[in-house]
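Please read the following briefing alongside the sequence and the model. It deals with the strand-facing surface, the pockets and one helix.

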Amino acid sequence: MGVVTRFAPSPTGFLHIGGARTALFNWLFARHFGGKFLLRIEDTDRERSTAKAVDAIVDGLKWLGINWDEEPVFQSSRLRRHVELAESLVTAGKAYYCYCSAAELDAMREEAKSNGLTPKYNGKWRDRDPKEAPVGVRPVIRLKIPMLGETTLADLVQGIITVSNDQLDDMILVRSDGTPTFMLSVVVDDHDMDITHVIRGDDHLTNTFRHIQIFNAFGWDIPQYAHIPLIHGPDGAKLSKRHGALGVDAYRTMGYLPEAICNYLLRLGWSHGNDEIISREQAIEWFATENLGKSASRLDFSKLNNLNGHYMRAADNQRLLNDLLEIIEEDVSAEKRCRLLRGMTGLKQRAKTLLELRDLARIYTGDFIPAQMDFEDLDILRIISVKLRSLEEWTEENLEKQLREFSLEKNIPFGKIASLLRNILSDRKITPGILDMLVSFGRGESLERINAALS
RNA sequence: GUCCCCAUCGUCUAGAGGUCUAGGACAUCGCCCUCUCACGGCGACAACACGAGUUCGAAUCUCGUUGGGGACACCA
């Protein structure tokens, strides 16, 4: 049977950057082996789950180009099955009803803690006669975890990890309100969906020992696990909203390209020798859990910017123009769109993000105030004006030829001419090359601006 | 507190006992290219957390210390 992976976010917020990486890795792994990648929405927490969050996650994945197979599974629709299975465990003597109150549980934890032990449930109802059940109290269902022995996990990333069973407590499978817990639901769904490999953040590592116990109770096969390290903020502390725990949509509005985000995320905690720029196809071909690192990594925006710059330069001009028009508030005339498209090659190599590109683009779309010039400059400009007007074809080659000839003829440095023209075509210090600008503006607009400066 | 995990340049990492006076990338700083700015090219700076072992030999193996992270809910 083939590989089946899944991404299982809980829809309580946006698709954050760590989640995006988890999804990416699961997706790459499945695609590498020609298997399936499934999406499961873990919405068992009805209070916190929203349809809006589901949309945000779906949009985020689509934007990143991560496509899933089959219809997404909504965990909430599987409540019945989860609870029935838990009850079957009670019947089989592998789970039991517990009637403890919240106050009792607190006391147990406090007691364990004061004895220097892991705080946990003490098994009060584990072997009690159900006849002793207090009336009017709705019980939870707890799993009977073996009191002796240990549980071992052979993790694809972290290696072999063994935990003593006395660290695990009899976890709750079904709450007193009759709803299943995350622990139960994950296991049942991973089993029912035939998940073969679970790649997830290593904040789930210790949960995995509990999951294994549930798998064992049911007598089911356990999937392979790969726990990937978490992403930290630039300061090494846990990722917070302050520094990057943003939704992928936020990265989008910051002007990053999805391929840059994917490439960046891929290289965070994973490597393939010295390769840095990795296409989607190469990533699918190369991805393997063996190359995953074990330590947490920090988010580094300067590297992301560099990568984004690379993908901007590599991007198709028309596509970039479309992206750009989406984030420009005001209308851009057809004429100016043509200008932008002609000038895109020169613009995109000067921008690291779409936001920077938008700013640079104003050279071709915005208003400007031409610089003041002295008489000498005006004389030079007058001659240039005549020379350029006489050009038959307004091409970069012809423009350069004409201006270079003029430069030699009058013994005026080409740089002087270029900066003169820059000052009357734009009021920016930083612009594309002067020939590029003349071509992008086109004959009409260029001559018009020169004329305006002369008068 | 208890349990688990991690540890190479500022950052992401290569490195699976000798080829490591530790390689690449980003960032930083020079130089070159050059009409400004970028791009590109060349170069510089810069790391095996610490301490014991094992071994002829350790960044690589073992143990300890320190530092960081995660988990210990009727959240997921």
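**Pockets, RNA surface and a helix**

β1 (4–7), α1 (17–32), α5, β9 (197–201) and β11 (231–232) each give at least two residues to the lining of the largest pocket, where helices (H or I, at least four residues) and strands (E, at least two) are DSSP runs numbered from the N terminus. This is a predicted model, in which local features need pLDDT of at least 70 and side-chain atom pairs count only at pLDDT 80 or more, while totals for chains, interfaces and linings use all residues. Residues are numbered from 1 along each chain as its sequence is written, chains are lettered from A and ligands numbered from 1 in the order in which they are written, and side-chain values use heavy atoms, with hydrogens and water left out.

**Pockets**

- A pocket is an open set of points, on a 1 Å grid over the protein atoms alone, where a 1.4 Å probe fits and protein lies on both sides within 12 Å along at least five of seven lines; lining residues have an atom within 4 Å of a point.
- The largest pocket holds about 1,300 Å³ of space, and among its 39 lining residues Pro-9, Ser-10, His-16, Asp-203 and His-204 lie nearest its centre.
- α1 supplies the largest share of that lining, 5 residues.
- The second largest pocket has a volume of about 400 Å³ and is lined by 20 residues, with Lys-120, Tyr-121, Asn-122, Asp-166 and Leu-168 nearest its centre.

**RNA strand B**

- RNA strand B is surrounded by 59 residues, of which Arg-175, Gly-269, Gln-349, Arg-350 and Arg-422 are the closest; a residue is near the strand if one of its heavy atoms lies within 4 Å of it.
- Of the strand atoms within 4 Å of the protein, 69% belong to sugar or phosphate and the rest to bases.
- A backbone N or O atom of Arg-298 lies 3.0 Å from a phosphate oxygen of RNA strand B, whereas an N or O atom in the side chain of Arg-422 is 2.6 Å from a base oxygen of the strand.
- The elements giving two or more residues to this surface include β12 (297–298) and α16 (414–425).

**Helix α6**

- α6 has 14 residues, which at 1.5 Å a residue should span 20 Å (1.5 Å times one less than the number of residues), and its end C-alpha atoms are 21 Å apart, which agrees.
- In α6, 12 of the 14 residues are buried, meaning under 20% relative accessible area with a 1.4 Å probe and protein chains only.
- Gly-219 follows α6 and has a positive phi, near 75°.

Definitions and conventions:
Polar contact = N/O pair within 3.5 Å; in protein donor to acceptor, adjacent residues only side chain to side chain. Points joined across faces, edges and corners; volume = space filled by probe spheres on them. Buried < 20%, exposed > 50% of the residue type's maximum accessible area, 1.4 Å probe, protein only.
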